[in-house]
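Here is a short set of exercises to work through with the structure open beside you. Try each task on your own before reading the solution.

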Amino acid sequence: MTPALNYRLAGVMGWPVAHSRSPLIHTHWIEQQGLNGAYVLLPVRPDHLAVALRSLPVLGFAGCNLTIPHKVAAISLVDRVDPVAQRIGAINTVVVEPDQSLTGLNTDGFGYIQSLIDAQPAWQADAGPITVLGAGGAARAVLVALIDAGAREIRLANRSGAKAHDMAQEFGNAIEVVPWEERNDAMAGIALLVNTTSLGMHGQAALDVRLDQLPAHALVSDIVYVPLETPLLTEARKRGNPTVNGLGMLLNQARPAFEAWFGVPPTLTPELLSKVRATF
Ligand code: ATR
C-alpha cells in the first residue's frame, strides 16, 4: 500500500492555537474511521493569514478550521463564502475545492443547535421566547442559528446596548432588544436562556443574573466550556432547570467540517466526550 494514497491533511489556524481541542477531536475521528490522514495545529500570525490560507492547496490540505483571531478576517480572504457564514460575518472552516479554490463555512451555529438537540431531542426553536445574553462574535452565530431554526421571539440583552440594537436591525423581526439593566425581567416565561458573553469563563467574573423569574422547565445553556459548569449552569441546575454546557457546541461544530474534508460523517461517542472532558 502506498502511504500517500488518499492521505488527507487538515488543521486549525489560530494565534495562539496550542490550547485548541480540535486536534484531539479530529484525530480521534481519523483513527476511529481508519482514515489515512492527520489534523495538526497551525500557529499562524494575523499578518500571515492570507498567505497561510493560499498555502493550503499547495501543501495538500483538504482544509482547515479557523479560531481566534482569524474568524472574521478570513471571510474576505477566501474565494466563496457560504450564505450562513456570510450572515454570521465569520468563518470557522475552510474547504479546499477540487479546483484548489477556497470555500468558507461557519459551523458554529449548527454546533450550537445540535448541542441543544443532543440534550433534548424534542427541542424546538419556537417552543417559547428565548433570552440571549451578549452581542459579540459568538452571539452572531447563535442568533443566526436560532432564527434559521425557527425562533420567533428572541430577547437580546447586551451590556453595550448599541451593539444589541445593531444586531436586531441586521437580523430582523424576531429580535427584541432588552436593556442590560432589565435582563432579570427578561427571564419571565422563556423556554431557553443562552449566555454568549465571556462571563463565567475561567478567570472572569460570574455572570450577574437572577433566575428567580425563570420558568422551572426552561433550558439554560452556556457556550462557555472552561469551566464545563459555569456559575450560571450551577445555579440553574440547583433550581432544577435542564442545562447544556459549551462542550456540545465545541464537539458538534467539528462534525460538518470533518465530513467536508474526509468525506465521511463522524460520530460523537461517549469515548470521545470523556477524552475531551479529561483535558479540562
Ligand atoms: P466573543 O467572540 O466570545 O463573543 P466578543 O465579541 O468580545 O467575544 O464579545 C464578548 C461579549 O461578552 C460581549 O457581548 C460583551 O459585552 P459588550 O458588547 O458590552 O462588550 C460581553 N461581556 C464581556 N465582559 C462583560 C462584562 N463584564 N459585563 C457584561 N458583558 C460583558
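## Exercise 1: The chain as a whole

A compact globule of 280 residues would have a radius of gyration near 19 Å, and the chain, which is a predicted model, agrees with a value of 19 Å.

**Task.** Describe the overall dimensions, burial and surface of the chain.

**Solution.**
- Start with the extent: the C-alpha trace spans about 65 × 40 × 35 Å along its principal axes.
- Next, look at burial: 50% of the 280 residues count as buried.
- Turn to the surface: about 12700 Å² is exposed, and carbon and sulfur atoms supply 56% of that area.
- Then take the contacts between residues with a separation of 6 or more: 67% of them join residues 24 or more positions apart.
- Finish with the secondary structure: the chain holds 9 helices and 12 strands.

## Exercise 2: Tracing a sheet

**Task.** In which order do the 6 strands of the open sheet lie, and which are the edge strands?

**Solution.**
- Walk across the sheet: the order is β2-β1-β3-β5-β6-β4, with mixed pairing.
- Find the ends: β2 (37-43) and β4 (80-81) each pair on one side only, and these are the edge strands.
- Recall the background: strands of a sheet pair through backbone hydrogen bonds, either parallel or antiparallel.
- Now add the helices. Helix α1 (residues 22-32) lies across β1 (8-14), β2 and β3, and runs at about 170° to β2. Helix α8 (residues 247-262) lies across β1, β2, β3 and β5, at about 165° to β3.

## Exercise 3: Strand β5 and its neighbours

**Task.** Which residues of β5 are buried on each side, and which residues stand opposite them in β3 and β6?

**Solution.**
- Begin with the faces: T93 and V95 are buried on one side of β5, while V94 and V96 are buried on the other, so that both faces are covered.
- Move to β3 (residues 61-66): this strand pairs with β5 (residues 93-96) in the antiparallel sense over 3 bridges. Here C64 has V94 as its bridge partner, and N65 stands opposite T93.
- Continue to β6: its pairing with β5 is also antiparallel, over 4 bridges. In this pair V96 faces L102.
- Close the loop: β5 and β6 make a hairpin with 5 residues between them, and Q100 lies in the turn.

## Exercise 4: Unusual backbone geometry

**Task.** Which peptide bonds are cis at P69 and P227, and what is the phi of Q100?

**Solution.**
- Set the expectation: most residues other than glycine have a negative phi, and most peptide bonds are trans.
- Check P69, in the loop between β3 and β4: the bond from I68 to P69 is cis, with omega near 5°.
- Check P227, in the loop between β11 (219-222) and α7 (231-238): the bond joining V226 and P227 is cis, with omega about 5°.
- Check Q100, in the loop between β5 and β6 (102-105): this residue is not a glycine, yet its phi is positive, about 75°.
- Decide how Q100 is classed: its relative accessible area is 44%, and between 20% and 50% a residue counts as partly exposed, so Q100 is partly exposed.

## Exercise 5: A buried serine

**Task.** Is S22 buried or exposed, and what is S22 in contact with?

**Solution.**
- Locate the residue: S22 is in helix α1.
- Apply the cut-off: buried means under 20% relative accessible area. S22 has 8%, so it counts as buried.
- List the contacts: beyond its neighbours within four places in sequence, S22 is in contact with V12, Y39, N65 and Q253.

## Exercise 6: The nonpolar cores

**Task.** Which residues have the most contacts inside the largest nonpolar core, and which elements give two or more residues to this core?

**Solution.**
- Identify the core: it has 30 residues, and Y112, L146 and L192 have the most contacts inside it.
- Name the contributors: α4 (108-119), β7 (130-133), α5 (137-148), β8 (154-157), α6 (161-171) and β10 (192-195) each give two or more residues. Helix α5 gives the most, with 6 residues.
- Zoom in on Y112: leaving out residues up to four places away in sequence, Y112 touches V142, L146, L192, V194, S221, I223 and M249.
- Look elsewhere: a second, separate core of 21 residues includes F61, A74, I75 and V78.

Note on methods: Residues are numbered from 1 along each chain as its sequence is written. This is a predicted model: local features need pLDDT of at least 70, side-chain atom pairs count only at pLDDT 80 or more; totals for chains, interfaces and linings use all residues. Side-chain values use heavy atoms; hydrogens and water are left out. Two strands pair if DSSP finds at least two bridges between them. Contact means heavy atoms within 4.5 Å. Axes are lines fitted to C-alpha atoms, for helices over the stretch in contact, and angles run from 0 to 180 degrees between N-to-C directions. The radius of gyration is taken over C-alpha atoms; the globule rule is 2.2 Å times the number of residues to the power 0.38. Buried means under 20% relative accessible area, exposed over 50%, partly exposed in between (1.4 Å probe, protein chains only). Accessible areas come from the Shrake-Rupley method with a 1.4 Å probe; for residues, only the protein chains shown count as cover. A nonpolar core is a set of buried Ala, Val, Leu, Ile, Met, Phe, Trp, Tyr and Cys residues joined through side-chain atoms within 4.5 Å.
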